[in-house]
Amino acid sequence: MRILVISDSHGKNDDVKQVIEQVGEIDMFIHLGDIERGPDYIKGLAECETHMIAGNNDYDIDLPANDSFMIADKKVFITHGHMFYVGYGVEQLRQYALDNGYDIVMYGHTHVPFLDIGKDVTILNPGSISYPRQDGRKHTFMIIEVDSKGEFHYSHGLLKSSLRDMYESFF
C-alpha cells in the first residue's frame, strides 16, 4: 500500500495536482488541512481513498476538524494541529494519541516536516507543499508505504518543479 500525505497547500491546487502526478500511483491520499479552496477538485485528482480535514484557514469548507481510520492494522488520527498547539511541540498531541490508543498521528499547521517513530506512537508532519518554513524552504510531502509484511516505511519527498527550482535558485 502506498499513501501520499500532504498539508498546507493554501489554495495552490496546481501544487496538489503536481505532487499527485509526481508520485504516481497511490492507494490512499491524505490532506491535513489549510486547503482553502477546491476540496472536491482535489478529491477528483486523487482517484483513490481520500481523507481530508479542515485547517485553521479553511473557513468555508465543509470538512471535519479531525478524522480517524485504519491503515493496515494501525489506528490513525489526523488533525491540522492548531488545536493541539503543535507550534509549541507535539507533547499534547502525543498524549492524546496515547490516551486514545492511536498508533499513528499526522498533523500539519507548522509547515515544517517532522517524523518521530516512537515505541508506542508515530507522529508525523509532511511539511507544506506550497509555503514551507523549515531551513532551505523545500516544498515537501510524505510517502508512507506498507509492505507485504505489514511494516510501515516513511519518507519525505520534495515537490519538483523546474520553474520553482529556477526561481528559488535566485534567492
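**Exercise 1. The sheet with β1**

Task: Give the strand order of the open five-stranded sheet that holds β1, and say which strands stand at its edges.

Solution.
Step 1. The order is β3-β2-β1-β9-β10, and the pairing is mixed. Two strands pair if DSSP finds at least two bridges between them. Strands are DSSP runs of E with at least two residues, helices are runs of H or I with at least four, and both are numbered from the N terminus.
Step 2. β3 (49-52) and β10 (152-158) are the edge strands, since each pairs on one side only.
Step 3. From one strand to the next, the twist averages 20°.

The model is predicted: local features need pLDDT of at least 70 and side-chain atom pairs count only at pLDDT 80 or more, while totals for chains, interfaces and linings use all residues. Residues are numbered from 1 along each chain as its sequence is written, and side-chain values use heavy atoms, with hydrogens and water left out.

**Exercise 2. One strand pair**

Task: In which sense do β1 and β9 pair, and over how many bridges?

Solution.
Step 1. Recall the background. Strands of a sheet pair through backbone hydrogen bonds, either parallel or antiparallel.
Step 2. Find the two strands: β1 covers residues 2-6 and β9 covers residues 140-146.
Step 3. Their pairing is antiparallel, over four bridges.
Step 4. Pick one bridge: V5 has M142 in β9 as its partner.

**Exercise 3. Helices α1 and α2**

Task: Find where α1 sits, which of its residues are buried, and how it lies relative to α2.

Solution.
Step 1. Helix α1 (residues 13-23) packs on the sheet and touches β1, β2 (28-31), β9 and β10. Contact means heavy atoms within 4.5 Å.
Step 2. The direction of α1 makes about 155° with that of β1. Axes are lines fitted to C-alpha atoms, for helices over the stretch in contact, and angles run from 0 to 180 degrees between N-to-C directions.
Step 3. List the buried residues of α1: N13, D15, V16, V19, I20 and V23. Buried means under 20% relative accessible area, exposed over 50%, and partly exposed in between (1.4 Å probe, protein chains only).
Step 4. Seen down the axis, these buried residues fall within an arc of 155°, so they line one face of α1. The arc is that of the directions from the helix axis to the C-beta atoms.
Step 5. Turn to the face away from the buried side: D14 and E21 are exposed there.
Step 6. Now bring in α2 (residues 39-46), which lies across β2 and β3 at about 150° to β3.
Step 7. The axes of α1 and α2 come within 10 Å and cross at roughly 10°. That makes the two helices roughly parallel. Angles under 35 degrees count as roughly parallel, over 145 as roughly antiparallel, 65 to 115 as roughly perpendicular and the rest as oblique.
Step 8. Name the residues that meet: N13, V16, K17 and I20 from α1, and Y41, I42, L45 and A46 from α2.

**Exercise 4. The sheet with β4, and helix α3**

Task: Give the strand order of the sheet that holds β4, then place α3 on it.

Solution.
Step 1. This open sheet of five strands runs β4-β5-β6-β8-β7, with mixed pairing.
Step 2. β4 (66-71) and β7 each have a single partner strand, so one side of each is left without a neighbour in the sheet.
Step 3. Neighbouring strands are turned by 15° against each other on average, direction ignored.
Step 4. β4 and β5 run antiparallel and are joined by six bridges. I71 stands opposite K74 in β5.
Step 5. α3 packs on the sheet, touching β5, β6, β7 and β8, and its direction makes about 140° with that of β5.
Step 6. In α3 (residues 91-100), L93, R94 and A97 are buried. They fall within an arc of 100° down the axis, so they line one face of the helix.
Step 7. E91 and D99, on the other side of α3, are exposed.

**Exercise 5. Two loop residues**

Task: Is S128 buried or exposed? Which residues does H111 touch?

Solution.
Step 1. S128 sits in the loop between β8 (122-125) and β9. Its relative accessible area is 0%, so S128 is buried.
Step 2. The side chain of S128 reaches the backbone oxygen of D8 at 2.8 Å.
Step 3. H111 lies in the loop between β6 and β7.
Step 4. Not counting residues up to four places away in sequence, H111 touches D8, H10, G127, S128, Y131, P132, R133 and Q134.

Technical notes. A polar contact is a pair of N or O atoms within 3.5 Å; within protein, one must be able to donate a hydrogen and the other to accept it, and residues adjacent in sequence count only if both atoms are side-chain atoms.
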